[in-house]
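Visitor: I would like to understand how the words used for a protein model are justified. Could we take them one at a time?

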Amino acid sequence: MSTTIDFSKSLVVLAPLAGYTDLPFRTVVKKIGVDITISEMISSNALAYNSKKTMKMIQKASNEDPYFVQLSGNNPNIVKEAVEILNDIDGIAGIDLNCGCPAPKVFNHGSGSNLLGDLPRLGEILSTIKKYSNKKYTTAKVRIGVDEKIPRDIAKVVEQSGADMISVHGRTKKGAYKAPVDYDAIAEVKDSVKIPVIANGDIKNYEIAQKVLEHTKANGVMIGRGAIGKPWIFYQVKNGLKDEQISNELKKQIIIEHFEQMIDFYHEYGVVMFRKHLHTYSKGYDGANEFRQKVNQITDPYIMSDLINQFF
């Protein structure tokens with residue numbers, strides 16, 4: 001049985017982020033303050049066609065509970081097939097529908113934020129998940145429109161389709177990641193539905209998280225890009241700490257654990273995959289450029305481990 005989520009508490013949710021929020025990263029952040037972890041975005045087509053890589057992507061860590069799998073898709077029949085595959089996998093608390101990804105390859109496929117321009121189709125796909133899933137929760141992650149802002153219309157369709165929760169990124173598809181986040185629009189969503197609402201977009205520290213919660217009256221915050229190179233943001237938000245209150249010792253401890261989890265999951269290839277993380281972790285440290293150059297040459301886990309220990 002999966003855990004029941006207490007929506008009366010202010011939740012801290014990890015946003016799905018392709019190439020970053022894999023099992024090792026989720027394992028680490030779950031220990032330091034994340035209430036709900038969500039897989040990277042999974043193509044319902046890839047899942048329906050039994051892609052081995054996709055099956056690896058939906059594996060969960062032993063400490064992930066509640067754990068959600070996020071699906072993308074534009075065809076209700078294929079989404080149904082994907083849901084039926086997930087039904088046979090234990091330990092998944094919910095299925096989340098991606099209705100927000102602005103990436104051209106996802107949008108042009110008719111998935112992600114494309115669904116916001118065709119609300120009947122969004123509703124049909126979400127209803128399909130709700131109908132066929134044996135998981136406790138069905139949720140959706142949305143933006144507030146494609147070009148125009150229509151937060152209330154989107155929220156009502158999501159609620160009417162049987163969703164148990166909605167996460168809202170306060171930008172349109174057109175706004176990508178550069179336009180200012182419209183927290184008023186998230187507040188509108190909260191005002192227009194009875195289901196729990198999670199606020200998302202540019203939450204980079206504890207102070208912003210608090211302001212967003214107060215302004216939107218949301219049931220929690222969802223953080224994705226704000227955690228890249230700074231996963232301790234979850235510890236800060238959970239414990240009410242400012243940036244300067246996070247010690248270098250804690251940062252080092254989290255970085256080392258993240259590296260160890262990468263090696264555990266991906267074996268030696270985890271060294272190569274961890275390079276991009278070390279590029280962001282080393283930001284602001286003396287000698288960061290030289291460190292990154294060294295990192296780019298290393299393939300041996302033991303040498304990489306020594307270098308990380310020395311540098312941080």
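Guide: Let us begin with a term: a salt bridge is a side-chain nitrogen of Lys or Arg within 4 Å of a carboxyl oxygen of Asp or Glu. With that in hand, we can say that R152, E188 and D191 are linked in a network of salt bridges. Please keep in mind that this is a predicted model.

Visitor: What makes the pair R152 and D191 a salt bridge?

Guide: The closest N and O atoms of R152 and D191 are 3.1 Å apart, and the rule asks for a distance within 4 Å, so the pair qualifies. The two partners sit in distant parts of the chain, R152 in helix 7 (residues 151-160) and D191 in helix 8 (residues 183-192), 39 residues apart.

Visitor: Why is R152 called partly exposed, and what is D191 called?

Guide: R152 has 30% relative accessibility, which lies between the limits of 20% and 50%, and therefore R152 counts as partly exposed. D191 has a relative accessible area of 57%, and because exposed means over 50%, D191 is called exposed.

Visitor: How many salt bridges are there by this rule?

Guide: The count comes to 13 salt bridges. Another of them joins D35 and K238, whose closest N and O atoms are 2.8 Å apart. D35 lies in the loop between helix 1 and strand 2 (37-38), while K238 lies in helix 10 (residues 233-239), so this pair ties together parts that are 203 residues apart in sequence. K238, at 39% relative accessibility, counts as partly exposed.

Visitor: How do you know that D243 and K230 meet in a salt bridge, and which parts does the pair tie together?

Guide: Their side chains come to 3.2 Å, N to O, and this value satisfies the limit of 4 Å. D243 lies in the loop between helix 10 and helix 11, and K230 in the loop between strand 9 (220-223) and helix 10, so the pair ties together parts that are 13 residues apart in sequence. K230 has a relative accessible area of 18%, and because buried means under 20%, K230 is called buried. D243, at 37%, counts as partly exposed.

Visitor: Is R26 buried or exposed?

Guide: R26, which lies in helix 1 (residues 23-31), has a relative accessible area of 0%, and because this is under 20%, R26 is called buried. Its side chain reaches the backbone oxygen of T21 at 3.1 Å. Leaving aside neighbours within four places in sequence, R26 is in contact with residues including L14, I38, E40, M57, E64 and Y67.

Visitor: Why are helix 11 and helix 14 called roughly antiparallel?

Guide: The axes of helix 11 (residues 248-266) and helix 14 (residues 301-311) come within 11 Å and cross at roughly 170 degrees. Angles over 145 degrees count as roughly antiparallel, and therefore the two helices earn that description. Among the residues that meet are I255 and F259 in helix 11, and M304 and I308 in helix 14. The residues of this contact divide into seven nonpolar, two polar and one charged.

Visitor: What makes helix 12 roughly antiparallel to helix 13?

Guide: Helix 12 (residues 269-281) and helix 13 (residues 288-295) pack at an angle of about 180 degrees, with their axes 10 Å apart. Because that angle is over 145 degrees, helix 12 is roughly antiparallel to helix 13. R275, L278 and H279 in helix 12 meet F291, R292 and V295 in helix 13, and by class this contact has three nonpolar, one polar and two charged residues.

How values were computed
Residues numbered from 1 in each chain as written. Predicted model: local features only at pLDDT ≥ 70, side-chain atom pairs only at ≥ 80, totals over all residues. Heavy atoms only, no water. Axes fitted to C-alpha atoms, helices over the stretch in contact; angles between N-to-C directions. Helix = DSSP H or I, 4+ residues; strand = E, 2+ residues; numbered from the N terminus. Parallel < 35°, antiparallel > 145°, perpendicular 65-115°, else oblique. Contact = heavy atoms within 4.5 Å. Nonpolar A, V, L, I, M, F, W, Y, C, P; charged D, E, K, R; others polar. Buried < 20%, exposed > 50% of the residue type's maximum accessible area, 1.4 Å probe, protein only. Polar contact = N/O pair within 3.5 Å; in protein donor to acceptor, adjacent residues only side chain to side chain.
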